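Trainee: I would like to learn how to read pockets, salt bridges and cores in a structure. Could you take me through an example?

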Amino acid sequence: MSDMPLVSVIIPVWRDEDGLARALLCLASAKKIEVIVVSVLGEEARYQRVRETHRHVHWVSAPRGRAAQMNAGAAIACGRWFLFLHADSELPHDWQDVIAEADARAYVAGAFALGLDSP
């Protein structure tokens, strides 16, 4: 069996330490994933507390901009699937099963439904 993770979760962040900390806590128990956080160049120190708590996470910096940050994360990702996640987003509880099933069926892309928790 390959050591390659099934999913690379790529999280671009900009000034969202609290949301990132919550997202990483939710991902901490997930299996066969790698987590990549892409912060904005020059703002790495902002996430020091989160980095110390989540040592398993890969950290990279990129110029500010969601696309640039997502591309920087994808460039170092090793998973068969890339899951781009906003730091303030929450995945469904069965997200890993959904991706594993998509992988088994040889799908090449997908998306989770978006719901807003704000009036």
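Trainee: Let me start with one side chain: is E17 buried or exposed?

Mentor: Happy to help, and please keep in mind that this is a predicted model. To class a residue, we compare its relative accessible area with a cut-off, and buried means under 20%. E17 has a relative accessible area of 19%, so E17 is buried.

Trainee: Which side chain meets E17 in a salt bridge?

Mentor: The partner is R46, with 2.8 Å from N to O. This pair links distant parts of the chain: E17 belongs to helix α1, residues 17–27, while R46 sits in the loop between β2 (33–40) and α2 (48–53), 29 residues apart. R46 has 38% relative accessibility and therefore counts as partly exposed.

Trainee: How many salt bridges are there by this rule?

Mentor: The count comes to six. Another one joins the side chains of D18 and R49, at 3.8 Å from N to O. Here helix α1 provides D18 and helix α2 provides R49, with their positions 31 residues apart in the chain. D18 is partly exposed, because its relative accessibility is 48%.

Trainee: What about E101: which residue does its side chain meet?

Mentor: E101 forms a salt bridge with R105, at 3.1 Å from N to O. For the two ends, the cut-off for exposed is over 50%. R105, at 51%, therefore counts as exposed, and E101, at 43%, counts as partly exposed. It also pays to look for shared partners: R15, E17, E43 and R46 are joined into one network by salt bridges.

Trainee: Let us turn to the interior. Which residues of the largest nonpolar core touch the most other members?

Mentor: The general idea is that nonpolar side chains tend to be buried together in soluble globular proteins. In this model the largest nonpolar core has 25 residues, and I11, L20 and W95 are the ones that touch the most other members. At least two residues of this core come from each of β1, α1, β2, β4 and α4. The largest share, four residues, is supplied by α1.

Trainee: Which residues does W95 touch?

Mentor: Setting aside residues up to four places away in sequence, W95 touches V7, V9, L27, A30, I33, L83 and F112. There is also a second, separate core of seven residues, with I36, V38, A62 and A72 among them.

Trainee: Which residues of α1 are buried?

Mentor: They are E17, G19, L20, A21, A23, L24 and L27. To see what such a helix face does in the fold, look at its packing partners: the buried residues of α1 pack against β1, β2, α2, β3 and α4.

Trainee: Loops puzzle me. Is H54 buried or exposed?

Mentor: A loop position should be checked residue by residue. H54 lies in the loop between α2 and β3 (58–62), and H54 is buried, with a relative accessible area of 5%. Apart from its neighbours within four places in sequence, H54 is in contact with A21, L24, L25 and W59.

Trainee: And what is L41 in contact with?

Mentor: L41 lies in the loop between β2 and α2. Leaving aside neighbours within four places in sequence, its contacts are S61, A62 and P63. The C-alpha atoms of L41 and Q69 are 9.7 Å apart, although 28 residues separate them along the chain.

Trainee: Finally, pockets. How many residues line the largest one?

Mentor: For a pocket, read the volume, the lining and its chemistry in turn. The largest pocket holds about 810 Å³ of space. Its lining has 29 residues, and L83, F84, L91, A111 and F112 lie nearest the centre. β1 (7–12), α3 (66–76), β4 (81–84) and α4 (95–104) each supply at least two lining residues. By class, the lining divides into 20 nonpolar, four polar and five charged residues.

Trainee: Which residues line the second largest pocket?

Mentor: That pocket has a volume of about 230 Å³. Its lining is P12, V13, W14, D16, R64, G65, R66, Q69, H86, A87 and D88. These residues divide into four nonpolar, three polar and four charged.

Note on methods:
Residues numbered from 1 in each chain as written. Predicted model: local features only at pLDDT ≥ 70, side-chain atom pairs only at ≥ 80, totals over all residues. Heavy atoms only, no water. 1 Å grid on protein atoms, 1.4 Å probe; cavity = no way out; pocket = protein on both sides within 12 Å on 5 of 7 lines; lining within 4 Å. Points joined across faces, edges and corners; volume = space filled by probe spheres on them. Nonpolar A, V, L, I, M, F, W, Y, C, P; charged D, E, K, R; others polar. Salt bridge = Lys/Arg side-chain N within 4 Å of Asp/Glu carboxyl O. Buried < 20%, exposed > 50% of the residue type's maximum accessible area, 1.4 Å probe, protein only. Core = buried A, V, L, I, M, F, W, Y, C linked by side-chain atoms within 4.5 Å. Contact = heavy atoms within 4.5 Å.
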